[in-house]
Amino acid sequence: AGFFRWTWRLSKLAAIGGVGYVGYGIWEMRNPDDQPPPDPSKKTLVILGTGWGAVSLLKKLDTENYNVVVVSPRNYFLFTPLLPSCTVGTIEHRSIMEPIRNFLRHKKASVKFYEAEANKIDYEKKIVYISDDSDIKGDVSSTEVPFDMLVVGVGAENATFGIPGVREHGLFLKEVGDAQRIRNRIMDCCETSTFKDQDPDEIKRLLHMVVVGGGPTGVEFAGELQDFFNSDLKKWIPDITDSFKVTLVEALPNVLPMFSKQLIDYTEKTFKEETITIRTKTMVKRVTEKFIEAESVGPDGKKVLEKIPYGLLVWATGNALRPVVKDLINQLPAQADSRRGLAVNEYLVVKGTENVWAVGDCAVANYAPTAQVAAQEGAWLARMFNQMAKTSEIQEKLGELSIAQEKAPGKEARDKVFDEIKDLQKSLRRVKQISPFEYTHNGSLAYIGSDKAVADIPWFVGNFATGGTLTYFFWRSAYVSMCFSTRNRILVCVDWVKSKVFGRDVSRV
Ligand code: FAD
Ligand code: NAI
């Protein structure tokens with residue numbers, strides 16, 4: 001009985017301790033310490049963007065070493081891996097957003113943030129031209145930000161390859177606004193299809209959901225959409241059951257080209273079971289308001305141009321350069337061959353520049369444009385900037401000491417200063433040893449619908465490829481643990497439970 005009483009007391013103590021710890025964490029989060037203002041006498045480090053690359057850099061950066069300025073049209077960080085889930089309401093978009101203001105307010109020294117778009121980087125003058133493109137503008141809505149050091153982390157735009165009609169009629173899936181538009185369009189198509197006296201062909205068109213691009217964005221969205229239909233839509237709007245259809249169109253011979261063959265086959269098989277139609281070797285050439293025109297090869301080997309009617313069109317064909325990046329490339333002769341982004345060296349320095357670095361999707365360092373790469377690049381750059389600051393601090397001290405050594409009265413005093421110099425030189429050598437950036441691939445994961453996911457994970461010298469429901473639980477736990485903050489983690493888990501218990505919300509706002 002004594003043992004149980006003590007165990008009970010100890011667990012009570014542990015529970016009180018746990019609650020206290022979490023409570024203190026929340027209190028600390030809500031009540032940040034005062035911050036010293038930015039120090040203009042320090043080097044001005046301008047960071048463009050608040051995405052994976054820029055925010056990973058800011059997370060690890062000792063902001064007290066620089067006069068840090070962040071410029072981005074988005075005043076939040078977005079956890080993109082869970083964005084496809086927001087298109088159907090499995091997760092609410094605010095659960096995967098983290099306000100940049102909250103995050104910056106917890107840095108040791110304060111950071112200036114301008115909600116603005118960088119329109120042009122003048123490399124020669126070391127100036128970034130920025131403008132406020134939001135709805136509310138003050139008397140000043142465009143200005144200049146000078147820099148000593150610049151990090152470009154502006155990500156990429158949606159690629160359309162100049163295909164006519166895509167921008168006018170298709171929806172993309174990159175930002176929160178895109179996910180909201182898709183969610184509304186799905187519901188609009190469903191409601192319009194049940195309008196009185198609607199023609200059967202028109203019903204079919206409205207309920208045909210076409211996804212172009214069989215990369216991970218297209219596949220994850222198609223899977224989420226079919227889940228939405230199976231678990232919710234057909235229950236609440238039974239009229240649409242026979243006509244609702246999801247089609248994935250891909251120009252290459254298979255979807256998910258970056259995954260291993262076994263997982264590609266598994267995904268295609270799962271899609272078949274989920275009744276998602278995959279149209280591989282089909283290249284979309286033109287988009288109109290009601291149909292897409294796609295080219296494929298017929299059974300006789302001849303090219304066939306076919307009209308595919310649609311109600312919703314989601315365009316997910318990868319990345320293209322942002323204008324500000326294109327413009328910088330054009331300013332730099334060393335970037336003459338850059339097509340996919342700013343070519344950087346192994347220290348992430350933009351080739352042809354000094355004191356300009358690039359991270360994430362806008363940089364080309366021979367890695368795939370993924371969050372994983374961007375996050376590692378940002379974190380590495382932060383370490384390098386922290387070390388650079390230490391180096392200049394030591395160098396400054398060394399300068400002071402060598403003057404002190406000259407002025408030192410007598411041999412003993414000189415020797416003392418000399419010893420100090422030797423120690424500092426030793427630490428300088430240590431600090432200066434920054435090895436180049438090297439990417440560590442932790443694996444690729446993708447959700448494919450009906451509570452299944454695929455994962456390609458490096459395993460010793462080989463690769464571990466797995467797909468199914470267990471992998472789905474792994475996918476969920478991996479992404480929850482990677483969420484930006486504890487607040488995000490809790491909100492995402494609550495959303496999952498909410499959509500399981502009550503179903504997804506089918507209102508159109
Ligand atoms: P972003 O994260 O796109 O950030 C760019 C930032 O720059 C934004 O804050 C933007 O507002 C800002 N910006 C834009 N223009 C300007 C300007 N002119 N001036 C100043 N700031 C500007 N990768 C994975 O590894 N795993 C996944 O599961 C995964 N899932 C994804 C799902 C979806 C739906 C999408 C779209 C992508 C996914 N990715 C995933 C890819 C990943 O999101 C990107 O590789 C990653 O976001 C790149 O980081 P970044 O910092 O370069 O750009
Ligand atoms: P992507 O570049 O990976 O795939 C785009 C696909 O569209 C390609 O397969 C291409 O062949 C196809 N395509 C292009 N033009 C076409 C046309 N006219 N008609 C038909 N098909 C056409 O793009 P995605 O999926 O947007 O991904 C972008 C980046 O983000 C990638 O690096 C990807 O790895 C990463 N990402 C990773 C995720 C994950 O790891 N789970 C999820 C989403 C994105």
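This is a short tour of a predicted model with a protein chain and two ligands.

**The whole chain**

Start with the protein chain in full view. Its C-alpha trace spans about 100 × 80 × 55 Å along the principal axes. Colour by secondary structure, and the chain comes to 14 helices and 24 strands. Of its 509 residues, 36% count as buried. Among contacts with a separation of 6 or more, 65% join residues that are 24 or more positions apart.

**Ligand 1**

Select ligand 1 next, together with the residues around it. The shell holds 33 residues, and the closest are Gly49, Gly51, Gly155, Gly360 and Thr370. Helix H2 (52-60), strand E2 (67-72), helix H3 (83-86), strand E6 and helix H11 (371-407) each supply at least two residues of this shell. Colour the shell around ligand 1 by class to find 16 nonpolar, 12 polar and five charged residues. Domain 1 (32-156 + 321-370) and domain 2 (166-319 + 441-502) each give at least three residues to the shell around ligand 1.

**Ligand 2**

Move on to ligand 2. Here 28 residues surround the ligand, and Gly213, Gly215, Pro216, Thr217 and Gly318 are the closest. Two or more residues of the shell come from each of helix H8 (216-236), strand E14 (283-287) and strand E22 (444-449). Which element gives the largest share of the shell around ligand 2? Select H8: this helix provides four residues, the largest share. By class, the shell around ligand 2 has 16 nonpolar, 10 polar and two charged residues.

Now colour the two domains separately. Where does ligand 2 lie with respect to domain 1 and domain 2? Ligand 2 lies between them, because both domain 1 (32-156 + 321-370) and domain 2 (166-319 + 441-502) give residues to its shell.

**Helix H10**

Select residues 323-331, which form helix H10. Show the side chains of Val324, Val325, Leu328 and Ile329, which are buried. These four are on the same side of H10, because they cover an arc of only 140° around the axis. Add strand E6 (117-122), strand E9 (149-152) and strand E19 (342-343), against which the buried residues of H10 pack. Strand E6 has already appeared on this tour, as a contributor to the shell around ligand 1.

Stay on H10 and pick asparagine 330, which is also in this helix. Is asparagine 330 buried or exposed? Asparagine 330 is exposed, because its count is 11 other C-beta atoms within 10 Å, and a residue is exposed at 12 or fewer.

**Last stop**

Finish by selecting lysine 500 along with asparagine 330. The two are 170 residues apart in sequence, and their C-alpha atoms are 51 Å apart in space.

Methods. Residues are numbered from 1 along each chain as its sequence is written. Chains are lettered from A and ligands numbered from 1 in the order in which they are written. This is a predicted model: local features need pLDDT of at least 70, side-chain atom pairs count only at pLDDT 80 or more; totals for chains, interfaces and linings use all residues. A residue is buried if 20 or more other C-beta atoms lie within 10 Å of its own, exposed if 12 or fewer, and partly exposed in between; C-beta atoms are placed from the backbone. The arc is that of the directions from the helix axis to the C-beta atoms. Two residues are in contact if their C-beta atoms, placed from the backbone, lie within 7 Å. A residue is near a molecule or strand if its C-beta atom, placed from the backbone, lies within 6 Å of it. Ala, Val, Leu, Ile, Met, Phe, Trp, Tyr, Cys and Pro count as nonpolar, Asp, Glu, Lys and Arg as charged, and the others, Gly among them, as polar. Domain bounds come from an automatic or database domain assignment.
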